[in-house]
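Here are a few exercises to help you find your way around a new structure. Try each task with the viewer open before you read the solution.

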Amino acid sequence: MGYQISVRFGVPSSISFYVKPVLNKTSCKMSRAALNHLGFKCHLRGNREVVGFLHLGLESTGRPSPINKLGNYLDHSRVGCRQLRVSRGGEEFIEEHSRGGFSEAIEQLEHMARDPDDILEEMQKLKRLSTRDLQLVLVYFSQEGRDSWCALEVFDWMRRGDKVDDETMELMLSIMSSWLNKLAEEEHSVEEVQCLLRDMKCVGLKPDYDMVKKLISMYWDSGKKSEAIQFVKYLLQTVKAMTEEEKDQDPANHLMWKMSMDGEYKEAVELLFELKNCGLKPKIHSYVTASVTLVMEQIQFTRAVHELKAFGNKGKVGELEAGDLELLDAYQRNLHEKGEQIVKWAIEENAPEFMGLIHEKLVAMYTVAVRGFEAEHHLWQMKLAGREPSIETYDRVLVVCAVEKKLLAVGRLMAAMEAVGKPPSRKTFSWLLHGYVKGGHFEEAAKTLIKMLDKGLYPEKMEITMVLKGLQKNLQKTGHPELYLNICKRLSDAGLIEPCLIYLYLDKLCIIRML
């Protein structure tokens with residue numbers, strides 16, 4: 001909640017404006033110190049804060065002037081009694097006062113008979129303007145129906161005269177924030193916002209990152225996608241980081257994050273490529289966000305393909321033709337190519353502390369896509385970048401390598417786990433076994449089962465059942481029962497299954513007797 005200040009005159013009209021200084025990034029309330037500096041008298045009455053008087057006066061201008069959106073007009077020549085009404089949370093406090101400096105400055109600046117600098121210099125020499133009066137002039141011209149550009153002129157004069165303290169700077173930033181937000185909310189072009197930002201820079205006002213993020217969010221949330229992208233491009237063209245804190249401020253990254261929050265994953269990645277194609281240089285955080293959104297897009301794509309195939313198996317949709325499958329494969333290849341390009345761009349940014357994270361996201365993308373070779377490649381790149389993969393990451397890559405029956409890759413990964421002191425656990429072997437079963441490689445699954453028994457690790461009954469059933473199917477095709485007999489004997493010796501009889505059906509039985 002802020003403070004509404006109403007200046008009431010002796011006619012049925014009033015001037016109302018809203019004071020909303022930016023004193024911190026999260027609150028729109030004016031601090032007690034700032035109010036005191038403006039002339040309010042703040043004190044506590046019981047458990048509530050009371051706002052007292054403000055020195056404010058308006059002299060007669062002898063001409064009508066617009067008041068508020070309603071189009072009312074106030075004839076200042078008829079003004080008699082002047083009083084100030086300050087309301088907060090429904091409570092009102094009224095003080096009457098009259099003063100000439102502020103009102104004289106307002107009158108002359110509104111007439112614009114002379115240059116604002118000349119007007120303010122003359123009044124300053126006559127000592128008729130205090131710092132508080134100048135702050136009130138800023139607030140006055142920032143209101144609806146006033147010439148807001150005059151507020152910039154006054155602030156520029158104050159800045160050149162070294163009359164801008166911290167509270168005045170915060171007040172002016174608040175005024176400019178409201179002005180920028182209004183332009184973004186209404187049907188104003190992005191060029192107008194850019195023009196105002198340039199003027200702010202000319203008078204020494206630098207919008208903070210929260211203000212920029214709010215503008216981007218307003219464009220995106222109101223459905224103005226093209227305006228949001230245009231505004232981000234402008235910021236990347238003009239804004240350069242000057243401090244260590246500002247190096248983490250990336251407007252492109254914020255817009256990509258907004259897109260991903262709305263499920264527009266592919267659009268977020270396309271934004272990065274569009275910016276790069278325009279010759280702009282997003283910061284490293286944009287590449288990290290792009291790699292994350294690629295993983296999310298791959299997950300959505302894989303889920304959609306699985307659902308489509310499931311519908312086809314149930315007869316709800318027709319079978320996919322060769323051309324359809326080729327289009328799906330091309331879409332996925334395009335995603336992977338973009339991921340590889342993002343890695344190349346990130347390397348050019350020379351930010352090695354982020355490379356491990358980007359490679360980790362590509363590992364996740366390729367595991368979802370069941371691309372074992374590529375997933376293993378980025379796992380090694382991740383290790384080279386100084387980011388040690390977790391056991392879960394090793395397990396996921398092992399699964400996809402097992403599905404594709406990449407035995408050498410499985411051996412390398414198992415050896416790497418041993419080397420870093422993370423020997424494969426029962427869970428790791430279980431994942432590996434499931435991968436072989438999913439890929440239909442039951443002989444490799446049986447060998448994995450034997451390795452588990454050799455290490456004293458006992459598989460679950462469901463896993464044993466999956467492997468034995470798969471071997472039984474293969475037995476009818478190959479007619480080689482050795483592996484099946486071996487696994488049954490090992491399981492029986494370990495007490496995991498009961499002794500069993502195995503029936504073999506042979507097409508021909510040849511009995512050879514030695515004479």
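## Exercise 1: A glutamine in a helix

Gln332 sits in helix H13, which covers residues 322–348. Keep in mind that this is a predicted model.

**Task.** Work out whether Gln332 is buried or exposed, and list what Gln332 touches beyond residues up to four places away in sequence.

**Solution.**
- Step 1: take the relative accessible area of Gln332, which is 9%.
- Step 2: compare that with the cut-off; buried means under 20%, so Gln332 counts as buried.
- Step 3: look around the side chain. Leaving out residues up to four places away in sequence, Gln332 touches Gln298, Phe301, Thr302, Ala369 and Arg371.

## Exercise 2: The whole chain

**Task.** Find how many helices and strands the protein chain has, and what percentage of its residues count as buried.

**Solution.**
- Step 1: count the elements. The protein chain has 21 helices and 8 strands.
- Step 2: turn to burial. The chain has 515 residues, and 44% of them count as buried.
- Step 3: check how far contacts reach along the chain. Among contacts between residues at least 6 apart in sequence, 63% join residues at least 24 apart.

## Exercise 3: The largest nonpolar core

**Task.** Say which residues of the largest nonpolar core touch the most other members, and which helix gives the core its largest share.

**Solution.**
- Step 1: start with the members. There are 114 residues in this core, and those touching the most other members are Val154, Met172, Leu205, Phe231, Leu255 and Ile358.
- Step 2: sort the core by element. Helix H6 (residues 166–185) provides the largest share, with 9 residues.
- Step 3: zoom in on Val154. Setting aside neighbours within four places in sequence, Val154 is in contact with Leu109, Leu120, Leu134, Val137 and Leu138.

## Exercise 4: Helix H8 and its partners

**Task.** Describe the span of H8, its buried residues and how H8 passes H10.

**Solution.**
- Step 1: get the span. H8 runs over residues 209–221, 13 in number, and reaches 18 Å from first C-alpha to last, close to the 18 Å expected at 1.5 Å a residue.
- Step 2: pick out the buried positions. These are Tyr209, Met211, Val212, Leu215, Ile216, Ser217, Met218, Tyr219 and Trp220.
- Step 3: see what they pack against. The partners are H6, helix H7 (190–202), helix H9 (225–238) and helix H10 (251–261).
- Step 4: focus on H10. The H8 and H10 axes come within 10 Å and cross at roughly 40°, in a right-handed crossing.
- Step 5: name the residues that meet. On the H8 side they are Tyr209, Val212, Lys213, Ile216, Ser217, Trp220 and Asp221; on the H10 side, Pro251, His254, Leu255, Lys258 and Met259.
- Step 6: look just after H8. There, Gly223 has a positive phi of about 80°.

## Exercise 5: Two loop residues with positive phi

**Task.** Most residues other than glycine have a negative phi. Find where Val370 and Lys405 lie, and what phi is in Val370 and Lys405.

**Solution.**
- Step 1: place Val370. Val370 lies in the loop between helix H14 (352–368) and H15, and its phi is near 55°, a positive value.
- Step 2: check exposure. At 27% relative accessibility, Val370 is partly exposed.
- Step 3: do likewise for Lys405. Lys405 is in the loop between helix H16 (391–403) and helix H17 (407–419), with a positive phi near 55°.
- Step 4: at 40% relative accessibility, Lys405 is partly exposed.

## Exercise 6: A lysine and its polar contact

**Task.** Find which residue's side chain is joined to that of Lys383 by a polar contact.

**Solution.**
- Step 1: locate Lys383 in helix H15, residues 372–384. Its relative accessible area is 23%, so Lys383 is partly exposed.
- Step 2: list the candidates. Not counting residues up to four places away in sequence, Lys383 touches Glu388, Pro389, Tyr394 and Val420.
- Step 3: pick the polar partner. The side chains of Lys383 and Tyr394 are joined by a polar contact of 3.3 Å.

Conventions: Residues numbered from 1 in each chain as written. Predicted model: local features only at pLDDT ≥ 70, side-chain atom pairs only at ≥ 80, totals over all residues. Heavy atoms only, no water. Core = buried A, V, L, I, M, F, W, Y, C linked by side-chain atoms within 4.5 Å. Buried < 20%, exposed > 50% of the residue type's maximum accessible area, 1.4 Å probe, protein only. Helix = DSSP H or I, 4+ residues; strand = E, 2+ residues; numbered from the N terminus. Contact = heavy atoms within 4.5 Å. Expected span 1.5 Å × (residues − 1). Polar contact = N/O pair within 3.5 Å; in protein donor to acceptor, adjacent residues only side chain to side chain. Axes fitted to C-alpha atoms, helices over the stretch in contact; angles between N-to-C directions. Left-handed = near helix turned anticlockwise from the far one by under 90°.
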